[in-house]
Amino acid sequence: MSTAHTSAPAFRYSAVTFDCPDPAELARFYGEALGLPLVFSTDHFALLGQEGGAGLGFNRLSDYRRPTWPDPSQEKQAHIELGVDDLDAAQARLLALGAVEPAFQPDPDRWRVLLDPAGHPFCISTLV
């Protein structure tokens, strides 16, 4: 058994990828919302990002099922938190881009929960 020290491999955060029925549609929504350009696209995958930075990916899933948040029958699996300066203005912009406001809002004075065009819940907050 060797006692030689081996260094740990270096890791870097590169992207978060969301499953969805239409990668182009979700890339358009988040690209416009976050001001991120499309850096790679196929019929089944789209990636937003900037040179040298982390990105957002969108992967076509043929049997995709929308999250039913807040109903737990189809959990959200993950969600994005977006920091904003003005909750009302940010919400209005995201709704104009295609987001949907669910009826249930756990703490609307502090953050808002919206649903992207594929049904993924995401939050906007002035706290982030």
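Me: Two strands pair if DSSP finds at least two bridges between them, and strands themselves are DSSP runs of E with at least two residues, just as helices are runs of H or I with at least four, all numbered from the N terminus. What makes β3 and β4 a pair?

Reply: Strand β3 (residues 45-48) and β4 share 4 bridges. The rule asks for at least two, so β3 and β4 count as paired, in the antiparallel sense. One place to look is A46, which stands opposite F58 in β4. The hairpin of β3 and β4 has 6 residues between its strands, and G52 there takes a positive phi near 80°.

Me: How do you know that strand β1 and strand β4 pair?

Reply: Use the bridge count again: β1 (residues 15-20) and β4 (residues 55-60) have 6 bridges, in the parallel sense. Within this pairing, V16 has L56 of β4 as its bridge partner.

Me: Before we go on, what kind of model is this?

Reply: It is a predicted model, in which local features need pLDDT of at least 70 and side-chain atom pairs count only at pLDDT 80 or more, while totals for chains, interfaces and linings use all residues. Residues are numbered from 1 along each chain as its sequence is written, and side-chain values use heavy atoms, with hydrogens and water left out.

Me: How confident is the predictor, and which elements have the lowest and highest mean pLDDT?

Reply: The average pLDDT (the predictor's confidence in each residue, from 0 to 100) is 89 for the protein chain, and 95% of the residues score at least 70. Among the elements, strand β5 (residues 81-83) has the lowest mean, 86, and α1 has the highest, 97.

Me: In what order do the elements of the protein chain run?

Reply: Starting at the N terminus, the order is β-α-β-β-β-β-α-β-β. That gives 2 helices and 7 strands.

Me: Why is Q91 called buried?

Reply: Buried means under 20% relative accessible area, exposed means over 50%, and partly exposed lies in between (1.4 Å probe, protein chains only). Q91 has 8%, which is under 20%, so the word is buried. This residue sits in helix α2 (residues 87-97). Setting aside neighbours within four places in sequence, Q91 is in contact (heavy atoms within 4.5 Å) with E101, R112, L114 and I124. In the protein chain as a whole, buried residues make up 34% of the 128 residues.

Me: What makes D88 and R112 a salt bridge?

Reply: A salt bridge needs a side-chain nitrogen of Lys or Arg within 4 Å of a carboxyl oxygen of Asp or Glu. The closest N and O atoms of D88 and R112 are 3.0 Å apart, so the pair qualifies. D88 is in helix α2 and R112 in strand β6 (residues 111-115), so this bridge ties together parts that are 24 residues apart in sequence. D88 counts as exposed at 54%, whereas R112 counts as buried at 13%.

Me: Where do E32 and R28 lie, and how do you know that they form a salt bridge?

Reply: E32 and R28 both lie in helix α1 (residues 23-34), 4 residues apart, about one turn of the helix. Their N to O distance is 3.8 Å, which is within the 4 Å limit. E32 is partly exposed at 41%, and R28 is partly exposed at 35%.

Me: How many salt bridges does the structure hold?

Reply: It holds 3. One of them joins R110 and D107, whose closest N and O atoms are 3.8 Å apart. R110 is partly exposed at 43%, and D107 is partly exposed too, at 22%.

Me: Why is C20 in no disulfide with C123?

Reply: A disulfide is a covalent bond between the sulfur atoms of two cysteines. Here the term requires two cysteine sulfur atoms within 2.5 Å. The closest cysteine sulfur to that of C20 is in C123, 19 Å away, so it is too far for a bond. The structure therefore holds 0 disulfides by this rule. C20 is buried, with 0% relative accessible area, and C123 is buried at 8%.
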